[in-house]
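Hi,

Here is the structure I promised to pass on. Have a look at it first, and then read on for what turned up when I went through it.

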Amino acid sequence: LMRFSDAVREMDDEDGFLTHRSHWVALREIKRGYRDGSREFIEVNSGAHVPVSKTYRENVVRAGFL
C-alpha cells in the first residue's frame with residue numbers, strides 16, 4: 001500500500017496528469033474532455049468518465065482537452 005501522491009510521483013515514465021485529487025489519467029488514454037452542466041469530465045478509451053476538479057482543471061486545459 002502507498003499514498004496516492006507517492007504513486008503519482010512514481011509515474012515519471014508515463015505522460016499524464018491529475019484531473020482530480022483521486023484520479024490520475026495517462027495522456028494516451030484520453031479520448032475527449034467535455035462539460036455536463038457545470039461539471040467537467042474526461043472520457044478515457046475504456047469508456048470511463050473521470051471528473052475534472054477546479055484544482056486540476058488547468059492540467060486538462062493545457063493538454064488541450066477543455
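Before the charges, a word on how they are counted: Lys and Arg are taken as positive and Asp and Glu as negative, while His and the chain ends are left out. On that basis the protein chain carries 11 positive and 11 negative charges, and their mean positions lie 9 Å apart. Keep in mind as you read that this is a predicted model.

Now the overall picture. How many helices and strands does the protein chain have? There are two helices and five strands, and along the sequence they come in the order α-β-β-β-β-β-α. As for dimensions, the C-alpha atoms fill a box of roughly 35 × 20 × 20 Å along the principal axes. The radius of gyration is 12 Å, which agrees with the value near 11 Å that a compact globule of 66 residues would have.

A few totals for your notes:

- Of the 66 residues in the protein chain, 26% count as buried.
- The accessible surface is about 4800 Å², and carbon and sulfur atoms account for 47% of that surface.
- Taking contacts between residues at least 6 apart in sequence, 27% join residues at least 24 apart.

On to single residues, beginning with Glu40. Glu40 sits in strand 4, which covers residues 39-44. Is the residue buried or exposed? Glu40 has a relative accessible area of 9%, and the cut-off for buried is under 20%, so Glu40 is buried. What does the side chain of Glu40 pair with? One polar contact, of 2.8 Å, links the side chain to that of Arg35, and another, of 2.7 Å, links the side chain of Glu40 to that of Arg57. Leaving out neighbours within four places in sequence, the contacts of Glu40 are Tyr34, Arg35, Val50, Pro51, Val52, Arg57 and Leu66. Leu66 is 26 residues away from Glu40 in sequence, with 8.5 Å between the two C-alpha atoms.

Val44 is also in strand 4. With a relative accessible area of 11%, Val44 is buried. Which residues does Val44 touch, not counting those up to four places away in sequence? They are Val25, Glu29, Ile30, Lys31 and Val50. For Glu29, the C-alpha atom is 5.4 Å from that of Val44, and the two residues are 15 apart along the chain. Val50 turns up in both contact lists, that of Glu40 and that of Val44.

Next, a loop residue. Ser53 lies between strand 5 (49-52) and helix 2 (57-62). Its relative accessible area is 16%, and under 20% means buried, so Ser53 is buried. Beyond residues up to four places away in sequence, Ser53 touches Thr19 and His20.

Finally, two residues towards the end of the chain. Val61 belongs to helix 2. Why does Val61 count as partly exposed? Its relative accessibility is 27%, and partly exposed is the class between 20% and 50%, so Val61 falls there. From Val61 to Asn45 the C-alpha distance is 19 Å, with their positions 16 residues apart in sequence.

Gly64 is found in the segment after helix 2. At 59% relative accessibility, Gly64 counts as exposed. Gly64 and Gly16 are 48 residues apart in sequence, and their C-alpha atoms are 13 Å apart in space.

If you open just one spot in the viewer, I'd pick Glu40, with its side-chain polar contacts to Arg35 and Arg57.

Cheers

Terms used: Residues numbered from 1 in each chain as written. Predicted model: local features only at pLDDT ≥ 70, side-chain atom pairs only at ≥ 80, totals over all residues. Heavy atoms only, no water. Helix = DSSP H or I, 4+ residues; strand = E, 2+ residues; numbered from the N terminus. Rg over C-alpha atoms; globule rule 2.2 N^0.38 Å. Buried < 20%, exposed > 50% of the residue type's maximum accessible area, 1.4 Å probe, protein only. Contact = heavy atoms within 4.5 Å. Areas by Shrake-Rupley, 256 points an atom, 1.4 Å probe, with all protein chains shown as cover. Charge placed at Lys NZ, Arg CZ, Asp CG, Glu CD. Polar contact = N/O pair within 3.5 Å; in protein donor to acceptor, adjacent residues only side chain to side chain.
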